[in-house]
Amino acid sequence: MANLATGSFTTADHLRTALDGPWAQVRETARKQLTGNQFIGDPYLDYKAARARVLDQMRAVAELGYPGLGFRPEHGGLGEPGAAVVSLEMLAYCDLSLWVKSGVQWGLFGGAVENLGTERHADQVRRLIPLDLLGCFAMTESGHGSDVANLETTATYDPATEEFVIHTPTPSARKDYIGGAAEHARVAAVFAQLITQDENRGVHCLLVPIRDADGADLPGVTTYDDGLKGGLLGVDNGRIVFDQVRVPRENLLNRYADVAPNGAYTSTIDNPSRRFFTTLGTLVRGRISVGGAAAAGTRVALSIAIRYALLRRQFLDQDTGSETVLLDYRNHQRRLLPLLAKSYAYAFAQNDLVRRMELVQTGRDTAPGAQRALEKRAAGLKVAQTRHATRAIQECREACGGAGYLTENRLVTLKADTDVFTTFEGDNVVLTQLVAKELLTAYADEVRDLDALGWVRFAATMAGDVVRKRSGVAN
Ligand SMILES: Cc1cc2nc3c(=O)[nH]c(=O)nc-3n(C[C@H](O)[C@H](O)[C@H](O)COP(=O)(O)OP(=O)(O)OC[C@H]3O[C@@H](n4cnc5c(N)ncnc54)[C@H](O)[C@@H]3O)c2cc1C
């Protein structure tokens with residue numbers, strides 16, 4: 001703590017300032033606002049009550065103004081994506097169900113409507129910020145999760161009525177695991193194969209109302225509850241099946257492609273593969289947020305375990321005549337402190353990633369390749385931080401012995417809630433392959449462009465590396 005009398009700062013103050021990074025003020029404000037029990041999860045609630053509580057908490061978060069930070073000024077926001085990611089990350093210190101459900105509403109659903117839609121969807125964006133419109137992000141299906149290009153749901157254009165017909169053609173085309181689909185969402189951002197003039201144009205996103213104002217399924221829509229999960233008690237994940245549901249032509253989120261009243265398809269991006277990856281790339285903020293929230297959960301766990309290790313004593317030390325503090329055992333230090341060091345490193349890396357995202361998404365970094373580099377970095381850091389969370393939180397639980405297993409000490413809830421972070425917003429193995437592919441492509445491009453002198457230098461460097469490695473110098 002800063003010494004207010006002398007105005008001096010301790011090492012901890014400097015460390016906090018460094019770790020808080022470019023959005024220190026946002027973090028500091030949230031620390032003051034998110035106090036008390038209002039935003040903390042209650043593990044004793046049943047899942048229905050937990051979901052209702054999280055929705056109430058989201059209304060309070062909306063009143064604090066956090067969601068508006070990330071949306072564009074013309075939609076009533078402030079146009080500060082970095083501040084939005086960081087402020088919502090602060091919810092992760094309170095309760096990860098609250099963070100996930102907020103992320104679905106404002107990050108995934110809101111992000112899809114604002115970034116894939118155009119001015120004709122502005123009203124929906126304005127309404128979703130204060131929660132007047134509750135939505136969900138319906139991409140995954142029971143049959144296809146990682147392989148989004150092969151989703152089976154169809155959106156077939158009917159020029160006679162100027163509507164799209166949304167349909168679930170097979171059992172595996174059912175939308176699944178969708179946050180908000182079980183109870184609260186009224187509208188879904190549905191990813192489907194767009195078919196017009198008898199041609200499949202690939203995966204596009206459309207807004208499809210799924211429930212009426214009373215929460216009943218609309219005609220042609222059937223929703224199901226995914227039921228109890230391994231964690232995230234307060235998130236209502238569910239399934240959606242569409243039976244020839246008709247929505248107006250304007251419900252297509254048409255930033256990159258549109259369908260004219262007569263069914264003619266146009267796109268600003270000719271290459272279908274590039275169009276698909278541009279669409280997915282627009283949603284990078286969600287992946288960046290998952291890494292940040294995983295890291296926040298890990299920091300909570302490490303704070304608990306390390307503070308406990310400074311107090312807890314086991315076994316009498318004959319030399320001192322008193323019992324030994326756990327953190328004085330070198331073994332205990334080796335278990336926890338490298339994880340703490342890694343957490344510091346990830347905090348800096350995450351701040352840098354959010355800073356890069358802010359530059360790209362506010363149009364201040366328009367360098368060719370900036371968006372792609374951001375996506376690669378986001379994927380790699382999401383994998384690293386979520387893997388770290390899984391490992392570190394388990395170690396923290398064990399490091400607290402039996403006390404770590406009591407729900408009131410939070411570690412088991414953190415473990416259960418962060419478990420799935422390795423899977424959603426891109427499975428970690430699949431994301432690692434994506435990063436590897438990007439790196440190999442960049443390497444191939446670099447080598448392909450070499451002239452004769454470049455090849456000689458390249459061969460010499462390779463030979464040097466091999467010699468260094470074999471001689472043990474590189475180790
Ligand atoms: C709690 C929760 C909330 C979710 N919320 C949403 C939501 O709101 N909206 C939404 O659209 N989705 C949501 N999802 C879905 C989530 O994004 C998917 O579960 C995720 O993308 C993985 O897809 P999958 O479950 O089909 O797994 P699969 O893709 O079937 O993967 C299963 C296993 O196979 C491996 N694998 C897959 N492909 C390859 C490959 N090419 N090479 C090597 N190994 C491979 C994976 O590593 C993984 O271990 C949620 C999921 C959960 C559990």
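Two secondary-structure elements, strand S4 (175-179) and helix H12 (428-448), each contribute at least two residues to the shell around the ligand. I should state at the outset that this is a predicted model.

Let me stay with that shell. It comprises 16 residues, and those that come nearest to the ligand are Phe137, Thr140, Ser146, Tyr177 and Asp427. By residue class, the shell divides into eight nonpolar, seven polar and one charged.

Which atoms of the protein lie opposite oxygen and nitrogen atoms of the ligand? For Ser146, a polar side-chain atom is placed 2.5 Å from a ligand oxygen. With Gly179 the partner is a polar backbone atom, 3.0 Å from an oxygen atom of the ligand. Gln433 presents a polar side-chain atom at 3.2 Å from a nitrogen atom of the ligand. As for coverage, the ligand on its own has 980 Å² of accessible area, and the protein covers 63% of it.

I turn now to the domains. The assignment gives domain 1 (11-128), domain 2 (135-272) and domain 3 (284-439). Which of these supply the ligand shell? Domain 2 and domain 3 each provide at least three of its residues.

Finally, I consider how domain 1 meets domain 2. Their centres, taken over C-alpha atoms, are 25 Å apart. Across this boundary, 28 residues of domain 1 are in contact with 31 residues of domain 2. The area buried between the two domains is about 2,400 Å², and carbon and sulfur atoms give 61% of that area. Which three residues supply more than any other three of the area that domain 1 buries against domain 2? They are Arg51, Leu116 and Arg120, with 29%.

Definitions and conventions. Residues are numbered from 1 along each chain as its sequence is written. This is a predicted model: local features need pLDDT of at least 70, side-chain atom pairs count only at pLDDT 80 or more; totals for chains, interfaces and linings use all residues. Side-chain values use heavy atoms; hydrogens and water are left out. A residue is near a molecule or strand if one of its heavy atoms lies within 4 Å of it. A polar contact is a pair of N or O atoms within 3.5 Å; within protein, one must be able to donate a hydrogen and the other to accept it, and residues adjacent in sequence count only if both atoms are side-chain atoms. Accessible areas come from the Shrake-Rupley method with a 1.4 Å probe; for residues, only the protein chains shown count as cover. Helices (H or I, at least four residues) and strands (E, at least two) are DSSP runs, numbered from the N terminus. Ala, Val, Leu, Ile, Met, Phe, Trp, Tyr, Cys and Pro count as nonpolar, Asp, Glu, Lys and Arg as charged, and the others, Gly among them, as polar. Domain bounds come from an automatic or database domain assignment. Contact means heavy atoms within 4.5 Å. Buried area is the accessible area (1.4 Å probe) that two parts lose on being put together, summed over both.
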